[in-house]
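User: I'd like to understand how the labels on this structure were reached. Could you walk me through the reasoning?

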Amino acid sequence: MPYLAPANPEIQRPVSTTLIVSSVLIALFLNGLPWEGVWLMLRPDFVAVVMLYWCTHKPLRVSIGLSWAVGILADVADASLFGQHALAYTLLAFGGVMLHHRLKMFDLRQQTTQVFGILALTYAVYALVHWQVNGYVVWPYFLGCLTSTLLWAPLSIMFQGARRMRVDRDH
Amino acid sequence: MDNTQTFQFFNRGPSPAVRLVFFAVLSLLLLFIDARYRYLESTRSALSVLVSPIQRLATMPGVLWQQAGDFFTTQRRLVEDNQSLHQQHERDAAQLLQLQALQQENRQLRTLLALPQRGELTTQSAEIVYAERDVFKRKILINKGANANVLIGQVVMDDAGIVGQITRVYPWLAEATLITEKDHAVPVQVLRNGLRTIVFGAGDTSQLSLRYMPVSSDIQNGDLLVTSGIDGIYPPGIPVAKVVKIERDAAYPFARVTCLPVAGVDRHRHLLILSGLPKLPEQPAEEPAAPQNLKAKQKK
């Protein structure tokens, strides 16, 4: 069965809760850095990419409920409407959970195209809610979707590295 | 064997579709409540206690960078700064003396005319903790909150003019909406001739615009707009914006007037919060409106 052969056949240790929690906290921290002007428009949504990573790689542990909770925290951090990020991240997590088998079969470049679809949906939902409530859309906002997608490959490699390092240390 | 592993997923609680529907509906419900009724402010400030350590930490790189910059300031620059500040101070001192005399005179005149006195404003200084990371919004968070008696609706300004208004108060932070926020309105007067109007934020740039200005209205490039104070929120006479461009097109009923804010809306770190505005008398109830309408009709 082809889907049983992952792109990276190396056996990885189970992910510790510390890694998941700290990665989400670091993502919230990165989102909160003093981005301004053009950089703010180009800022990838670190939280979304990290949540998508865990939803696709550990769908049993990080799933829709947790993404929703993180979304609520992001709403408080960004002072957006309650549920705006939460709704977007819920859809993101659902997309991730649905696609997690498929993503495992792909290499990073193919994964990136899939991830772009999910992230575009997330961004669109966020903008749609904003449009419904406030009546306008800031189009450069969608630039962040592209940079978030570009973040997928480096982030995957980084997490893989982090998980491999743990194996080395234990031996 | 492996198939059972995949099926284990479905044994753990409800299926993703059910969860999706549940949490999406929950989000939509929260959105509706928050957008319509604003019932969730207390929940928000409770959760902000969880998030604010991360936010404070995120401002650290910027603060450190600034402190490093301060440390390496050359002596020459300090001397130059000091000189220019001294000069500024002397200029201001002369005006301040005049102001005191004028205030005294104004008070006497107001007593003479039996007008209510202008209230003394008190200010407290605050520092910007961070600007909100959302391209849709022009908001900043400052380091004074409910602990420093900051209230919703108070005005935030810098040394040059109005910056914004407090729109949300957390235990240790307050959120100020900048005047450049889309559709944020400030009632103003043209300083030159007292023409009353309202200046709106344009949203995505640092511009402001005057809407509904008739083509024939007396407004010129370089006119200074100051707060009119008739709303009971902004104290009168504080500079808001300067007119930079006027497009009068006879095809449209209104002129397009573009202004730039006087204050460094997106530049400074330190701001002033104004408090102690005199309360306006309560608005009359609906009833007195009827006779006015009658009068207007009679005039016609």
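Analyst: Happy to. This is a predicted model, and a good place to begin is H5(A), which has a kink of about 60 degrees centred on Leu99(A).

User: What makes that a kink of about 60 degrees in H5(A)?

Analyst: The bend is the angle between two fitted axes, one for the seven residues ending at a given residue and one for the seven starting there. In H5(A) the kink is centred on Leu99(A), with a value of about 60 degrees.

User: How do you know what span H5(A) should have?

Analyst: The expected span is 1.5 Å times one less than the number of residues. H5(A) has 22 residues, so it should span 32 Å, and its end C-alpha atoms are indeed 32 Å apart, which agrees.

User: Why is H5(A) called mostly covered?

Analyst: A residue counts as buried with 20 or more other C-beta atoms within 10 Å of its own. In H5(A), 16 of the 22 residues are buried, so the helix is described as mostly covered.

User: Is Gln114(A) buried, partly exposed or exposed, and why?

Analyst: Gln114(A), which sits in helix H6 (residues 108-134) of chain A, has 18 C-beta neighbours inside 10 Å. Buried needs 20 or more and exposed 12 or fewer, so Gln114(A) counts as partly exposed.

User: Which residues is Gln114(A) in contact with, beyond four places in sequence?

Analyst: They are Leu99(A), Arg102(A), Leu103(A) and Phe106(A). Leu99(A) is the residue on which the kink in H5(A) is centred. For contact, C-beta atoms must lie within 7 Å.

User: What makes up the side of chain A that touches chain B?

Analyst: The contact takes 42 residues from chain A and 39 residues from chain B. On chain A's side, the elements giving two or more residues are helix H1 (17-32), helix H2 (37-42), helix H4 (64-78), helix H5 (84-105) and H6. The residues there divide into 30 nonpolar, nine polar and three charged.

User: How confident is the predictor in chain A, and where is confidence lowest and highest?

Analyst: Chain A averages a pLDDT of 84, and 88% of the residues score at least 70. Confidence is lowest in H2(A), with a mean of 78, and highest in helix H3 (residues 46-57), at 92. Over residues 1-7 of chain A, pLDDT stays under 50. Where pLDDT is low, the predicted coordinates should not be read in detail.

Technical notes:
Residues are numbered from 1 along each chain as its sequence is written. Chains are lettered from A and ligands numbered from 1 in the order in which they are written. This is a predicted model: local features need pLDDT of at least 70, side-chain atom pairs count only at pLDDT 80 or more; totals for chains, interfaces and linings use all residues. Helices (H or I, at least four residues) and strands (E, at least two) are DSSP runs, numbered from the N terminus. Two residues are in contact if their C-beta atoms, placed from the backbone, lie within 7 Å. Ala, Val, Leu, Ile, Met, Phe, Trp, Tyr, Cys and Pro count as nonpolar, Asp, Glu, Lys and Arg as charged, and the others, Gly among them, as polar. pLDDT is the predictor's confidence in each residue, from 0 to 100.
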